[in-house]
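Trainee: I'd like to zoom in on one part of this model and go through it slowly. Could you take me through one helix and whatever it touches?

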Amino acid sequence: MKKNIAKDWFNNPSFRSLAPMKQQLIIEFVNEVQGASMETAIQAFMNTNQKMHDLGLSFTRQESNLMTQILTEDLPPNEKNRINMILQMMTH
């Protein structure tokens, strides 16, 4: 995983338009996945979605896509496809 994710994503207009609580959850997610294995990052993604559910919040499709982009931004296309398939199975 890319070491400097925060620098790139925290200035992204999609991120900046999020509600503060959602921004905080994504910040925690990014901090957790930096330098982590892909398996750990996927688990962090699922944990973040569970936290949202526990707080009575949900990510829109666009917000979930933003998290997926953060998770997969430095992966080769075949790995991105694999992760996207795994995440789709886990979230549906």
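What follows is a close look at helix H4 and its surroundings.

Trainee: Which residues of H4 are buried, and what does threonine 48 touch? Please put the helix in context too.

Mentor: Sure, and keep in mind that this is a predicted model. Let's start with the whole thing. The protein has six helices and zero strands, so going by the DSSP runs the elements read α-α-α-α-α-α from the N terminus on. Of the 92 residues, 35% are buried. The exposed surface comes to about 5,500 Å², with carbon and sulfur atoms supplying 51% of it. If you take the contacts between residues at least 6 apart in sequence, 63% of them join residues at least 24 apart.

Now to H4 itself. The helix covers residues 38–54. Its 17 residues span 24 Å from the first C-alpha to the last, close to the 24 Å expected at 1.5 Å a residue. After H4 comes glycine 56, with a positive phi near 75°.

As for your first question, the buried residues in H4 are Met38, Ala41, Ile42, Ala44, Phe45, Met46, Thr48 and Met52. Take threonine 48: its relative accessibility is 3%, so it counts as buried, the cut-off being under 20%. Leaving out residues up to four places away in sequence, threonine 48 touches Leu25, Phe29, Phe59 and Met67.

One of those partners, Phe29, brings us to the aromatic side of things. A search of the whole structure turns up one aromatic pair. It is formed by phenylalanine 29 and phenylalanine 45: the ring centres are 6.1 Å apart and the planes sit at 70°, so the pair is edge-to-face. Phenylalanine 29 belongs to helix H3 (residues 20–33) and phenylalanine 45 to H4, so the pair ties together parts that are 16 residues apart in sequence. Both phenylalanine 29 and phenylalanine 45 are buried.

There's a charged link between H3 and H4 as well. In general, side chains of opposite charge can pair when their charged atoms come close. The structure holds three salt bridges, and one of them joins the side chains of glutamate 28 and lysine 51 at 3.5 Å, N to O. Glutamate 28 is in helix H3 and lysine 51 in helix H4, 23 residues apart, so this pair links distant parts of the chain. Unlike the two buried phenylalanines, glutamate 28 is partly exposed, with a relative accessible area of 34%. Lysine 51 also counts as partly exposed, at 34% relative accessibility.

H3 has another salt bridge, and this one leads to a further helix. Lysine 22 and glutamate 63 meet through their side chains at 2.8 Å, N to O. Lysine 22 lies in helix H3 and glutamate 63 in helix H5 (residues 61–72), so here the parts tied together are 41 residues apart in sequence. C-alpha to C-alpha, lysine 22 and glutamate 63 are 9.0 Å apart in space. Now for the burial call: lysine 22 and glutamate 63 are both buried. For lysine 22 the relative accessibility is 12%, which puts that residue in the buried class. With residues up to four places away in sequence left out, lysine 22 touches Met52, Ser58, Phe59 and Glu63. Met52 takes us back to H4, where it is among the buried residues. Phe59 is a contact of lysine 22, and threonine 48 touches Phe59 too.

Next door to lysine 22 in numbering is methionine 21, also placed in helix H3. Methionine 21 counts as partly exposed, at 42% relative accessibility. Together with Leu55 and Leu57 it forms a nonpolar patch on the surface, with about 250 Å² of accessible area between them.

For completeness, there is the salt bridge between glutamate 79 and arginine 82, with the closest N and O atoms 3.1 Å apart. Glutamate 79 and arginine 82 both sit in helix H6 (residues 77–91), three residues apart, about one turn of the helix. Glutamate 79 counts as partly exposed at 25% relative accessibility, and arginine 82 is partly exposed with a relative accessible area of 35%.

Notes:
Residues numbered from 1 in each chain as written. Predicted model: local features only at pLDDT ≥ 70, side-chain atom pairs only at ≥ 80, totals over all residues. Heavy atoms only, no water. Phe/Tyr/Trp six-rings, centres within 6.5 Å; stacked < 30°, edge-to-face > 60°. Helix = DSSP H or I, 4+ residues; strand = E, 2+ residues; numbered from the N terminus. Buried < 20%, exposed > 50% of the residue type's maximum accessible area, 1.4 Å probe, protein only. Salt bridge = Lys/Arg side-chain N within 4 Å of Asp/Glu carboxyl O. Contact = heavy atoms within 4.5 Å. Areas by Shrake-Rupley, 256 points an atom, 1.4 Å probe, with all protein chains shown as cover. Patch = residues over 30% accessible without salt bridge, like charges linked within 9 Å, V, L, I, M, F, W, Y side chains within 5 Å. Expected span 1.5 Å × (residues − 1).
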